[in-house]
Structures are given as C-alpha cells and as structure tokens.
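Hi there,

Here is the structure I promised to hand over, with my notes below it. Please have a look when you get a moment.

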Amino acid sequence: MNKRFTTLVAPLAAVLMFSADMARSDSAADLEPYAAKARAAVKTMGGALQTKLKEALAADGPIAAVQVCKTVAPEIAKEQSKAAGMTIRRTALKVRNPDNAPDGLERKVLEDFAARLAAGADANTLEHVEEVTGDGKTIVRYFKAIPTAAAPCLVCHGSAVSGELKETIDKLYPSDQATGFKEGDLRGAFSVTMDK
Ligand code: HEC
C-alpha cells in the first residue's frame, strides 16, 4: 500500500468506525425503554407459569402437571400478551411442542445464548433486543434466556423421565425433543414482539 493512500485512508477508517459505534450505542439506548417493558412482562409471565407449575406438581404430581403445562402455559402467554400489549412466547432449540419451534431470528439468538453460556456467562443475565423493519413497519424483538433449574424442571425435561410420566408426555407430544437437559443448560428463551 503506498504511503499517501495510508495517510488518507487510516483517519477516514477511524472516523467511520467511530461513527458506526456511535450509531450502535444510540440505537441500543433508543431500544432500552422497549427492552425494559418486555423484561417486566416476561418476569410477570415467568412468575405466573412457575406458580401454576408448582401448585400443580404439589397438588397432583408430575403426570397431571403435564396437562397443566399443555393447557395453562399457552393460556398464560395469551393473557400476559394481551395485558402487556405485546406478543410473548416461549421457544427453544429443542422443543416439546412443535408450535414453540424457533423462527430464523429466534434460532440465531438461541444459538448465541448457548455460546455465551458455554463461555461462562450467567444465564440469568442473557438477553437481546433488536429492531426489525419489514412490510413498511418497524417492530422491536426482545429475547430472554430460560435456564434449566434442577427442581422442578428436570422432572419433565431431564434425563431420567420414565414410566407413566414419559408415556403421558410421548402421547401428548409425539415429536418431543425436550428431555436430556442438565441443571444450568439453556432450556429456551422468552421471545417478545412489539410495535415500535
Ligand atoms: C410437569 C412437567 C414439566 C415440568 C416440571 C416443566 N416443564 Fe417445561 N414443558 C412441559 C410441557 C408439557 C411443555 C409443552 C407446553 C406446550 O404445549 O406449550 C413444556 C414446555 C416448555 C418450554 C417451551 C418450549 C418447548 O419445549 O415447547 C420451556 C421453555 C420450558 N418448558 C421450560 C421449563 C422450565 C425452565 C422448567 C422448570 C422451571 C420446566 N419447563 C418444568 C412440562 C414441564
């Protein structure tokens, strides 16, 4: 590379890199109010799901609780979505219910969460927010990792799911992929979509 080219281009490249950084941090700050709303809605929905699940497990045991997960989880998602004015769903790389299979961006984010987790990140802090423009409108998509806890998750998502519980799950979900998880694994993510 000749000297004149370097003296011209290097400062220009520095300016361009700097402005790209600025644009990125501006848009992250711009999206934070949306992320804050989504974070709060996900917390409420996660709490409601855990409460129902724990009640069902304590009252009737895991086999009956599978039914509760099947009917109550989608109901809670619908209710919370309506209350918060956004769409909230759960997704995963390995799903029990095929309706929860990830779309392109969800898959990309889940793979990124899994990589960050493997690199030592704390699963409870993994989140991602981005703006998506298409069909003449702009939406905001927010994602929050769902880690696998030992209790109660492994009862139905661990490696030792067997007997009547396994039969019940297989009957309701013939294409179930959501077993074999270990404590601390990425189980999935909440996925939120809202208008900007
Ligand atoms: C009683 C059994 C049971 C327990 C315990 C349980 N799950 Fe599930 N889980 C299910 C069933 C059934 C579904 C499918 C729900 C549906 O049809 O939408 C499911 C679905 C999910 C999904 C949505 C993605 C998918 O695979 O379809 C996530 C995420 C999830 N569970 C996470 C957890 C976590 C985290 C815990 C522990 C806090 C947990 N589950 C405990 C039975 C259980």
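Let me begin with the charged side chains: Arg-89, Asp-103, Glu-106 and Arg-141 are linked in a network of salt bridges. Please keep in mind as you read that this is a predicted model.

Within that network, Asp-103 and Arg-141 form a salt bridge in which the closest N and O atoms are 3.0 Å apart. Asp-103 sits in the loop between S1 and helix H2 (104-118), while Arg-141 belongs to strand S3, so this pair ties together parts that are 38 residues apart in sequence. The two partners are not equally accessible. Asp-103 has a relative accessibility of 32% and counts as partly exposed. Arg-141 is at 10%, and because buried means under 20%, Arg-141 counts as buried.

The total comes to twelve salt bridges, and two others seem worth pointing out. The side chains of Asp-112 and Arg-116 meet at 3.1 Å, N to O. Both residues lie in helix H2, four residues apart, which is about one turn of the helix. Asp-112 is partly exposed, with a relative accessible area of 34%, and Arg-116 is also partly exposed, at 31%.

The other one joins Glu-131 to Lys-196, with 3.0 Å between the closest N and O atoms. Here Glu-131 is in strand S2 and Lys-196 in the segment after S4, so the pair ties together parts that are 65 residues apart in sequence. Glu-131 is partly exposed at 35% relative accessible area, and Lys-196 counts as partly exposed at 39% relative accessibility.

Next, the sheet. Four strands make up an open sheet in the order S1-S4-S3-S2, and the pairing is antiparallel. Strands S1 (87-91) and S2 (127-134) stand at the edges; each has a single partner strand, so one side of each is left without a neighbour in the sheet. From one strand to the next, the twist averages 20°. In the middle of that order, strand S3 (residues 137-147) and strand S4 (residues 186-195) run antiparallel and are joined by nine bridges. If you want a residue pair to find the register, Tyr-142 has Val-192 in S4 as its bridge partner.

Now to helix H4 (residues 163-172). Which of its residues are buried? They are Leu-165, Thr-168 and Ile-169. These cover an arc of only 95° around the axis, which puts them on the same side of H4. The face turned away from that buried side carries the exposed residues Glu-164, Glu-167 and Lys-171.

Last, the ligand. Which protein residue is the donor to its iron atom? The single donor from the protein is His-157, through NE2, at 2.1 Å. His-157 lies in helix H3, which covers residues 153-157.

If you open the model with these notes beside you, I would start with Asp-103 and Arg-141, the pair that ties the loop between S1 and H2 to strand S3. From there you could go on to the iron atom and His-157.

Happy to talk any of this through.

Best wishes

Definitions and conventions
Residues are numbered from 1 along each chain as its sequence is written. This is a predicted model: local features need pLDDT of at least 70, side-chain atom pairs count only at pLDDT 80 or more; totals for chains, interfaces and linings use all residues. Side-chain values use heavy atoms; hydrogens and water are left out. Buried means under 20% relative accessible area, exposed over 50%, partly exposed in between (1.4 Å probe, protein chains only). Helices (H or I, at least four residues) and strands (E, at least two) are DSSP runs, numbered from the N terminus. The arc is that of the directions from the helix axis to the C-beta atoms. Two strands pair if DSSP finds at least two bridges between them. Axes are lines fitted to C-alpha atoms, for helices over the stretch in contact, and angles run from 0 to 180 degrees between N-to-C directions. A salt bridge is a side-chain nitrogen of Lys or Arg within 4 Å of a carboxyl oxygen of Asp or Glu. Donors are N, O and S atoms within 2.8 Å of the metal (3.2 Å for Na, K and Ca); water is not among the atoms, so sites may look incomplete.
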